[in-house]
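Me: Could you walk me through the terms used for this model? I would like to see how each label follows from its value.

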Amino acid sequence: MIVDVQMKMKSAGLYQAIPSRPVPVSAANVKNLRVDMISVSNVSMRYGSKILFEDVSTTFTAGRRYGLTGPNGAGKTTFMKVLSGDLDPQKGVVVRPKKLGVLRQDQYAFDAYRVIDTVIMGNKGLWAALEERDRIYEKHELDDADGMRLGELEGIIGEEDGYTAESDAAILLQGLDIASEVHERKMGELQGGQKMRILLAQALFGNPQALLLDEPTNYLDLDSIHWLEDFLIHREGTLITISHDRYFLNNVCTHIADIDYQTIITYTGGYDDMVLAKTQVRTRLEAQNEEREKKISQLNEFIARFSAGTRSSQVTSRKKEVERLQTSELARSNIARPYIRFDQLRPSGKHILEAEGVRKAYGDHVVIKGFSASVTRGEKICLIGRNGQGKTTLVKALLAHAPHVAHAPGENPNEDIDSGKVKWGHEAQIGYFAQDHTSTIEKGTTAADWLHQFDPKATKEDIRGVLGQMLFSGEEGLKPTEALSGGEAARLLFCRLMMQKPNFLIFDEPTNHLDLEAINALNQALQKYEGTVLLVTHDQELIDEVATRIWNFEDHKIQDFKGPYAEFLQSRVAVSR
């Protein structure tokens, strides 16, 4: 058990001086805790033989903003669910504020509901009371029991400010830049960026004392991410967020709670500060172990030489010294880095794609109007801009009638254009990573069997090798596809692309659900890839380091800038002067 962070770091073989102490929680002192903090005591979670974290005790203090980090599979989302109460810990106690705001990651879960109702659902007690009241009023006749229950429900609704709920939700939505004409629409009619803002409004509804955000930047464009950073920095209360965006963590967080070595260690500062501190501690411990091992070797040499001689007292002294210096095995980090390498089966022709006068509309709403561009082999084009401006629509328009599109049986990314021409060049072979990538993987099979269909000639060893590169080790390749997490599904699709070896890669938001190690591996793979790339992303580091050309979507126009992102930004500054 670790009540003291230093003790836990010692038990993990990672000691460093950290002045703060988490508050131990027990049934006896729960009432003495401040209601605006989250406290965890002796919490353990494991699945089978895999330990995610064990005997964790820590406190998330009011007024601080915590980033919850760790690789995919470390238990970040599991721990967040334990904090929110969506999942009971297998051992231990969690104390949380009465009002807790939780950002739900599934943006499709509320598609059937009005926007305003989706926000009000953030107050579970109020929403349940409103629904039950409506069900009672729908009855043809009410008995005495119904009347008594209605009185109880009206009391709950009054206590939770339910009579002003719609107006309160509307004010919150307007503050989050969701226009009033959208409030009555169904969630299913909206774009991903709008949905995420509405779900953020849901988390904030009722002014919660603590806020839990799991991947809040997913599906947000750069402008929305910058807005969210500013909003969270100026908000009061406790914040705990999971994010794969390094810039976001550095800008927002005052502390990092890192899940590693089967525990959680809190560092002061942003993500880069945590990485530096963690690396320094590990390096120092490894150096100390190495010095001790050298000393032990020298002592053992002396013992071996003189153990049978007359220097028995010195030998005994040396043996005691060896016992004192005996090195302890350092705990192994659970950070794992995938290996991504995209090759081409054969290169394409020099002129791989021509678009002329491409137009796409939905009814009277014109999304793409007269877009023309010529793409040559080896270019890496990043599509940037606000959500709803047509980035995904353009990708699908360009894929219309494309040759050799690498997709699963039954998966059809193509969306015919209304007018214009799209011409693919000689030997173009396309690999496509869709934004809603989890739906592109067939259910009812295993990861290995699903992957094998894209190269029937591949042996089991070939499949196992590719899966191993993407961290599906041992029996994990036999995992049912319906049980894959978002990050695992993304890595399985990277396996598919690596096996098929296309010469034109198209990615639509590939970093959603990836951890920082996987994003870094993707970044390096795209830089080294010799083929052509179209990349829709909000990850500023990817844009900055991969792009050789920018297609900027703004006010339903597409600016074609031939140059890297840094030069594009400079050109914007020059124009604004």
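What follows is a short exchange about a predicted model.

Me: Let's start with burial. Why is D260 counted as buried?

Reply: Happy to help! Buried means under 20% relative accessible area. D260 has 1% relative accessibility, so it counts as buried. This residue is found in strand β8, which covers residues 255-260.

Me: And what makes D260 and K278 a polar contact?

Reply: The cut-off for a pair of N or O atoms is within 3.5 Å. The side chains of D260 and K278 are joined at 2.7 Å, so the pair falls inside that limit.

Me: How do you know that strand β7 is largely enclosed by the rest of the structure?

Reply: Count its residues: β7 spans residues 238-242, and five of the five are buried, so the strand is largely enclosed. T238, I240 and I242 point one way, L239 and T241 the other way, and all are buried. That fits a general pattern: in a regular strand the side chains alternate between the two faces of the sheet.

Me: What makes β3 and β6 partners of β7?

Reply: Two strands pair if there are at least two bridges between them. Strand β3 (residues 65-69) has three bridges to β7 and runs parallel to it, with Y66 standing opposite I240. Strand β6 (residues 210-214) has five bridges to β7, again in parallel; there, A210 has T238 as its bridge partner. The chain goes from β6 through α8 to β7, and this β-α-β crossover is right-handed. Both bridge counts meet the cut-off of at least two, so both pairings hold.

Me: Now the empty space. How many cavities of 30 Å³ or more does the structure hold?

Reply: One cavity of 30 Å³ or more is present. The largest cavity has a volume of about 60 Å³. Its lining consists of L103, M196, R197, L200, P216, L220, S224, W227 and L228. Helices α7 (192-204) and α8 (222-234) are the elements that give two or more residues to this lining.

Me: How do the lining residues of the largest cavity divide into nonpolar, polar and charged?

Reply: Seven are nonpolar, one is polar and one is charged. Since Arg counts as charged, R197 in the lining is the charged residue.

Me: One last check: why is L200 called buried?

Reply: The limit is under 20%, and L200 has a relative accessible area of 5%, so it is buried. L200 lies in helix α7. Its C-alpha atom is separated by 9.9 Å from that of Q105, 95 residues apart along the chain.

Notes. Residues numbered from 1 in each chain as written. Predicted model: local features only at pLDDT ≥ 70, side-chain atom pairs only at ≥ 80, totals over all residues. Heavy atoms only, no water. 1 Å grid on protein atoms, 1.4 Å probe; cavity = no way out; pocket = protein on both sides within 12 Å on 5 of 7 lines; lining within 4 Å. Points joined across faces, edges and corners; volume = space filled by probe spheres on them. Helix = DSSP H or I, 4+ residues; strand = E, 2+ residues; numbered from the N terminus. Buried < 20%, exposed > 50% of the residue type's maximum accessible area, 1.4 Å probe, protein only. Polar contact = N/O pair within 3.5 Å; in protein donor to acceptor, adjacent residues only side chain to side chain. Right-handed = clockwise from strand over helix to strand, strands pointing away.
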